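The following account leads the reader through one protein model, from a single side chain to the overall fold. Please keep the sequence and the structure in view while reading.

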Amino acid sequence: MDELALYLLELMENSLTAGATRLELEIEEDPQANLLTVRLRDNGRGMTPEEVSRATSAFYTTRTTRRVGLGLSMIKALAEECGGSFELGSEPEKGTAVVFAVPLNHLDCPPLGDMGATVAACLSRDQPVDLLYRHRRGGQEFCFSSRWLKEFLGEVPVNLAPVLAWVRGYVNAGLEKLAGGKEVG
């Protein structure tokens, strides 16, 4: 994959497939420390210690739709290729947390990509999800909350195409502003 947003979409899909109804995604770009840190927490069904020990193998998955698990194994490989770090924590019935960090200037560190499309894809499911996305760069922060959007929309479903198009544009515009007006990607 050539965009970090696609890696994150895979992780978020894993969480939703595991029954998560709440996702908290935090991305912090620290140019001074030359570090990109990503944290994703969910309230899905979680994993036993044995499942956690096998979860980063591409040949392990709990899905019945395919025989390989891609999200965690790809993120771990990316972190290792970039000389970064990867942590996975999970408890049955309490959810899962993934944290990884990579040097911002490493050649194998992919560009952020279309985070607006990733957030919109996450919200496009019939299954409702409460998504909180925080993105920090330097001392500034962009935040998107599907809870806020649901309150604003009232009876209008979040997963309608025009709403998702707005979400994509809103998120990407917010990230562009964080990047000092530069197009993110």
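In this predicted model, a useful place to begin is Leu-11, which, leaving out residues up to four places away in sequence, touches Leu-40, Gly-71, Leu-72, Ile-75, Val-98 and Phe-100. Leu-11 belongs to helix 1. Its relative accessibility is 3%, and because buried means under 20%, Leu-11 counts as buried. One of its partners, Ile-75, stands 64 residues away in sequence, yet the two C-alpha atoms are 8.5 Å apart in space.

Phe-100, another partner of Leu-11, has a contact list of its own. When neighbours within four places in sequence are set aside, Phe-100 is in contact with Leu-4, Leu-8 and Leu-11, with Leu-36, Thr-37 and Val-38, with Ile-75 and Ala-79, and with Ser-85 and Phe-86. Ile-75 thus appears among the contacts of Leu-11 and among those of Phe-100.

These contacts lead to the nonpolar interior. The largest nonpolar core comprises 47 residues, and Phe-100, Met-115 and Tyr-133 are those with the most contacts inside it. The element that gives the most to this core is helix 1, residues 4-17, with 7 residues.

Met-115 directs attention to a pair of helices. Helix 4, residues 115-123, packs against helix 6, residues 161-178, at an angle of about 145°, and their axes are 7 Å apart. The crossing of helix 4 past helix 6 is right-handed. On the side of helix 4 the contact is formed by Met-115, Gly-116, Ala-117, Val-119, Ala-120 and Leu-123, while helix 6 supplies Leu-164, Val-167, Arg-168, Val-171, Asn-172 and Leu-175. Sorted by class, the residues of this contact are 9 nonpolar, 2 polar and 1 charged.

The view may now be widened to the whole chain. The protein chain holds 6 helices and 6 strands, and along the sequence they follow the pattern α-β-β-α-α-β-β-α-β-β-α-α. Among contacts with a separation of 6 or more, 61% join residues 24 or more positions apart; the pair Leu-11 and Ile-75, 64 residues apart in sequence, touches in this way.

The overall dimensions complete the description. The C-alpha atoms fill a box of roughly 40 × 40 × 25 Å along the principal axes. For 185 residues, a compact globule would have a radius of gyration near 16 Å, and the value for the protein chain, 16 Å, agrees with this. Of those 185 residues, 42% count as buried.

Notes: Residues numbered from 1 in each chain as written. Predicted model: local features only at pLDDT ≥ 70, side-chain atom pairs only at ≥ 80, totals over all residues. Heavy atoms only, no water. Axes fitted to C-alpha atoms, helices over the stretch in contact; angles between N-to-C directions. Helix = DSSP H or I, 4+ residues; strand = E, 2+ residues; numbered from the N terminus. Left-handed = near helix turned anticlockwise from the far one by under 90°. Contact = heavy atoms within 4.5 Å. Nonpolar A, V, L, I, M, F, W, Y, C, P; charged D, E, K, R; others polar. Core = buried A, V, L, I, M, F, W, Y, C linked by side-chain atoms within 4.5 Å. Buried < 20%, exposed > 50% of the residue type's maximum accessible area, 1.4 Å probe, protein only. Rg over C-alpha atoms; globule rule 2.2 N^0.38 Å.
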